[in-house]
Each structure stands twice: as C-alpha cells, then as structure tokens.
Amino acid sequence: MSGAALWALFATMGIVTLALRASFLLLPERTTLPPLVRRALAYVPPAVLAAIVTPALFAPGEVTLGLVDARLPAALVAILVAWRTRSVLATLTTGMGVLWTLSLLATRAG
Amino acid sequence: MDSDPRLAAAESHQPEGFSRAAFLAGLRDTAPMMLGIAPFAMITGVSAVAAGMRPIEAIGMSVLVFAGSSQLAAIALLAQGAGFAVIVFTTFMINLRMAMYSASLARWLRRLRPATRAGLAYAMTDQAYAFSVLRFRREAAMPRRDYFLGVALPLWILWQIGTAAGAILGAQVPAGWQLDFAIPLMFLALLAPAVRDRPSLAAALVGGSLALALRGLPFNLGLIVAALAGIAVGVASEGRLGGERPAASEDAARQGPKPQQPVQR
C-alpha cells in the first residue's frame with residue numbers, strides 16, 4: 001500500500017478511532033454497553049496483541065544461526081524481560097541487544 | 001436531569017473561563033508519564049519508516065490516528081502486506097477500550113458543548129482517562145475541561161514530536177540495524193501487563209497460536225479469527241480458571257481502570 005491508499009487508510013483509522021473515543025460522550029445519556037461486551041473488552045488486549053506479535057516473531061529476519069533465525073532467541077529473552085520487569089524500555093534494549101550481538105557473532109563466524 | 005443533587009451542585013460551579021490551576025494540576029499528574037511515552041513515540045516513528053513509509057506519512061498517521069498501539073499494529077500489518085479492511089478492523093479492536101473510557105467519563109463531561117466534547121475525545125488516551133476519572137471522582141469542583149486538557153495536550157504534543165523525530169532519524173539508519181524488530185518487541189512489552197490472570201493468559205495463548213497457524217490466510221484474516229477466538233476463550237474460561245468474577249469486571253468498567261495488579265499464580 002502506498003501514496004493515496006495509505007492516506008485513505010490513515011483517515012479511515014482516524015475516523016474509526018475518533019468515533020470510539022467520542023461515542024458515549026456524544027450519544028444520549030442513558031446509553032450503556034451490554035454486560036457481555038464489557039466482559040469481552042477485558043480480553044481484547046491479550047488476544048489481539050498476542051495475535052499480532054506471534055506471527056511477527058516467526059517472520060524471517062536477515063540473520064540465521066544454522067537453522068534458527070536470530071530473531072527467535074532475541075524474542076525469547078525479551079519475553080522473559082517483559083514478563084519480569086514490565087518495562088517497555090528494558091524489553092526493547094535487551095531484545096535489540098541480543099539480536100545485534102547474535103548478528104555480529106554470525107557475520108564474524110560466517 | 002441529574003438524580004444526584006450533590007453532582008448537580010458541583011456542575012453549577014464549573015467555571016466559564018479557562019482555569020489555569022486545573023490545567024497545571026493535569027500537567028503535574030501527566031509529567032511522570034512522559035518519560036515512558038517519549039521512547040514509545042520515537043519507536044513508532046522509526047518503525048514506520050523501517051516498514052517503508054516516508055517520514056511525512058508517519059507524521060500524518062500520528063496526527064490523524066493519535067493512538068499508539070493501533071498505529072504500531074497498522075505498521076506491523078502493512079509490513080506483512082495486510083489489506084485495508086483487516087487493518088481498519090484491527091484498529092477498531094485495539095481502540096475499542098476508548099468507548100469504555102468515553103462511557104465512564106460521560107457523566108462528568110456531558111455539560112460541555114458538543115464541539116468541546118468531540119475535541120476532548122480526539123485527545124483521549126489511556127493516561128488522560130485514568131487520571132481524569134480519579135480526579136473527577138474525588139474532586140467534584142475540579143474544572144473538568146481544563147484538567148483533562150492539562151493531562152491530554154502535553155501527551156499529544158509529545159507524541160507528535162516523538163514520532164516525527166523517530167521518522168526523520170529512522171530514515172537515516174541503515175537496514176543492517178534491523179530496527180523493524182522493535183515492533184514485535186514493543187508488542188511483547190505491551191502484552192506482558194495485559195496478561196493479568198489465567199483467563200487473559202488463555203486469551204493470549206489462543207490468540208497467538210491461532211494467528212501463527214492461520215498466517216497463510218489472505219489479507220491477514222487469520223489475525224481477526226485468532227483475536228475473536230482468543231476473546232471468546234477468555235470470556236468462556238472466566239470462573240473456570242479463577243479469573244475476575246463477571247460482576248467485578250462490570251464494576252471495574254463502570255468505575256474506571258484498576259491499578260495494575262501483581263500476577264496471581
């Protein structure tokens with residue numbers, strides 16, 4: 001996707017997001033969410049984020065170590081750091097650090 | 001009509017003009033968040049150009065959408081060649097929580113003019129909602145529009161500057177740095193606090209594994225099937241796996257976000 005299609009995509013994303021943000025602020029007063037929808041909302045972040053990230057982790061990168069892509073061990077270390085520290089910055093720096101170290105070792109060895 | 005007379009009394013004290021004190025109170029509350037938002041914004045800009053966007057497109061996306069997780073998701077999906085409809089649907093799913101925020105804040109903001117409400121809605125973020133609902137509940141006389149602006153406006157400015165800086169700097173970085181890997185890393189960092197109990201872990205495991213198994217489907221439709229299945233499994237396993245009671249989560253939705261709970265195992 002590029003050019004006009006990309007801008008149309010951003011505009012549509014913007015309208016959808018604004019509609020969600022403004023929804024109950026602009027709707028008549030007594031409108032509420034059904035209980036089942038409220039319960040389901042709690043599971044949107046884990047389900048959607050996991051569905052986005054998992055295929056991306058197995059996408060081919062640029063450096064392989066034998067049969068394994070260098071991104072996989074880097075991701076495993078990052079999962080551990082994300083789970084233990086819950087810090088975005090720590091997860092980013094260790095994940096990129098492991099990837100860069102492995103890439104450097106692979107190019108030296110190769 | 002207001003059923004609560006105290007709330008009605010507080011409404012009548014909402015000032016007409018701009019309240020500098022309320023704006024500054026919001027600014028003080030939001031200041032510590034900025035350290036976390038700045039790198040998030042920069043990474044979003046860097047990822048956008050790493051995925052093939054021009055810097056001006058990355059900046060335009062931030063202005064038009066202004067919602068970090070959904071922007072990152074769209075960037076990741078564009079890089080995988082996903083279709084228009086799948087990306088819009090994913091945006092809808094990720095930002096669905098904003099409707100919950102808007103439902104929760106409505107009773108405090110409904111006296112404002114519709115145009116003002118729409119303007120505040122555009123600037124709504126997780127942070128602006130969380131701080132506002134806490135203050136409004138405790139301090140009935142807090143000027144709401146200006147407090148909300150005090151929280152939301154600095155974050156908006158920081159987000160625009162951060163993504164622009166990331167996009168412009170990111171365009172200079174050679175591909176060998178593999179900065180596109182920052183996108184899945186960012187999502188891992190966002191995923192960790194979202195997994196708070198066993199039902200949410202079940203939702204994540206089903207969503208993740210199904211998305212991987214179905215990644216061959218056209219237009220990334222596998223993502224949508226996987227996300228919906230994960231949500232369904234999360235709801236269905238409530239109670240059975242010892243997660244939140246339905247009544248408790250309903251109450252939480254009405255009252256606003258809870259502070260992040262430690263993992264229960």
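Biologist: What is the mean pLDDT of chain B?

Modeller: pLDDT is the predictor's confidence in each residue, from 0 to 100. This is a predicted model: local features need pLDDT of at least 70, side-chain atom pairs count only at pLDDT 80 or more, and totals for chains, interfaces and linings use all residues. Residues are numbered from 1 along each chain as its sequence is written, while chains are lettered from A and ligands numbered from 1 in the order in which they are written. In chain B, 85% of the residues reach 70 or more, and the mean is 84.

Biologist: Where in chain B is confidence lowest?

Modeller: Confidence is highest in α4(B), at 97. At the other end of the scale, pLDDT stays under 50 over residues 244-265 of chain B. The lowest mean, 41, belongs to helix α14 (residues 246-255) of chain B.

Biologist: How many helices does chain B have?

Modeller: Helices (H or I, at least four residues) and strands (E, at least two) are DSSP runs, numbered from the N terminus. Chain B has 0 strands. Its count of helices is 14.

Biologist: What pattern does chain A follow along the sequence?

Modeller: Chain A has 5 helices and 2 strands. Read in sequence order, they give α-α-α-β-β-α-α.

Biologist: Is chain A spread out or a compact globule?

Modeller: The globule rule is 2.2 Å times the number of residues to the power 0.38, and the radius of gyration is taken over C-alpha atoms. For 110 residues the rule gives 13 Å, but chain A has 21 Å, which is well over that. The C-alpha trace spans about 65 × 40 × 25 Å along its principal axes. So, next to a compact globule, chain A is more spread out.

Biologist: How far apart do the C-alpha centres of domain 1 and domain 2 of chain A lie?

Modeller: Domain bounds come from an automatic or database domain assignment. For chain A it gives domain 1 (1-32) and domain 2 (45-109). The distance between their C-alpha centres is 33 Å.

Biologist: Which element of chain A gives the largest share of the side that touches chain B?

Modeller: Two residues are in contact if their C-beta atoms, placed from the backbone, lie within 7 Å. By that test, 60 residues of chain A are in contact with 77 residues of chain B. On the chain A side, α1 (4-26), α2 (35-41), α3 (44-57), α4 (71-85) and α5 (88-109) each supply at least two residues. The largest share, 18 residues, comes from α1(A).

Biologist: How many residues on that side of chain A are nonpolar?

Modeller: Ala, Val, Leu, Ile, Met, Phe, Trp, Tyr, Cys and Pro count as nonpolar, Asp, Glu, Lys and Arg as charged, and the others, Gly among them, as polar. The side of chain A that touches chain B has 9 polar and 7 charged residues. Its nonpolar residues number 44.

Biologist: How many of the 13 residues of α11(B) are buried?

Modeller: A residue is buried if 20 or more other C-beta atoms lie within 10 Å of its own, exposed if 12 or fewer, and partly exposed in between; C-beta atoms are placed from the backbone. What covers the buried residues of α11(B) includes α3, α4 and α5 of chain A, together with α3 (34-50), α5 (68-79) and α12 (198-213) of chain B. Among the buried residues are P184(B), F187(B) and A194(B). The helix is mostly covered, and its buried count is 12.

Biologist: How far apart are the end C-alpha atoms of α11 of chain B?

Modeller: The expected span of a helix is 1.5 Å times one less than its number of residues. For the 13 residues of α11 (residues 182-194) of chain B, that comes to 18 Å. The model agrees, with the end C-alpha atoms apart by 19 Å.

Biologist: Is F66(B) buried or exposed?

Modeller: F66(B) is found in the loop between α4 (55-65) and α5 of chain B. It has a positive phi of about 50°, although it is not a glycine. Within 10 Å there are 24 other C-beta atoms, so F66(B) is buried.

Biologist: How does R86(A) count, exposed or partly exposed?

Modeller: R86(A) sits in the loop between α4 and α5 of chain A. Its phi is positive too, at about 55°, and it is not a glycine. It has 14 C-beta neighbours inside 10 Å, so R86(A) counts as partly exposed.
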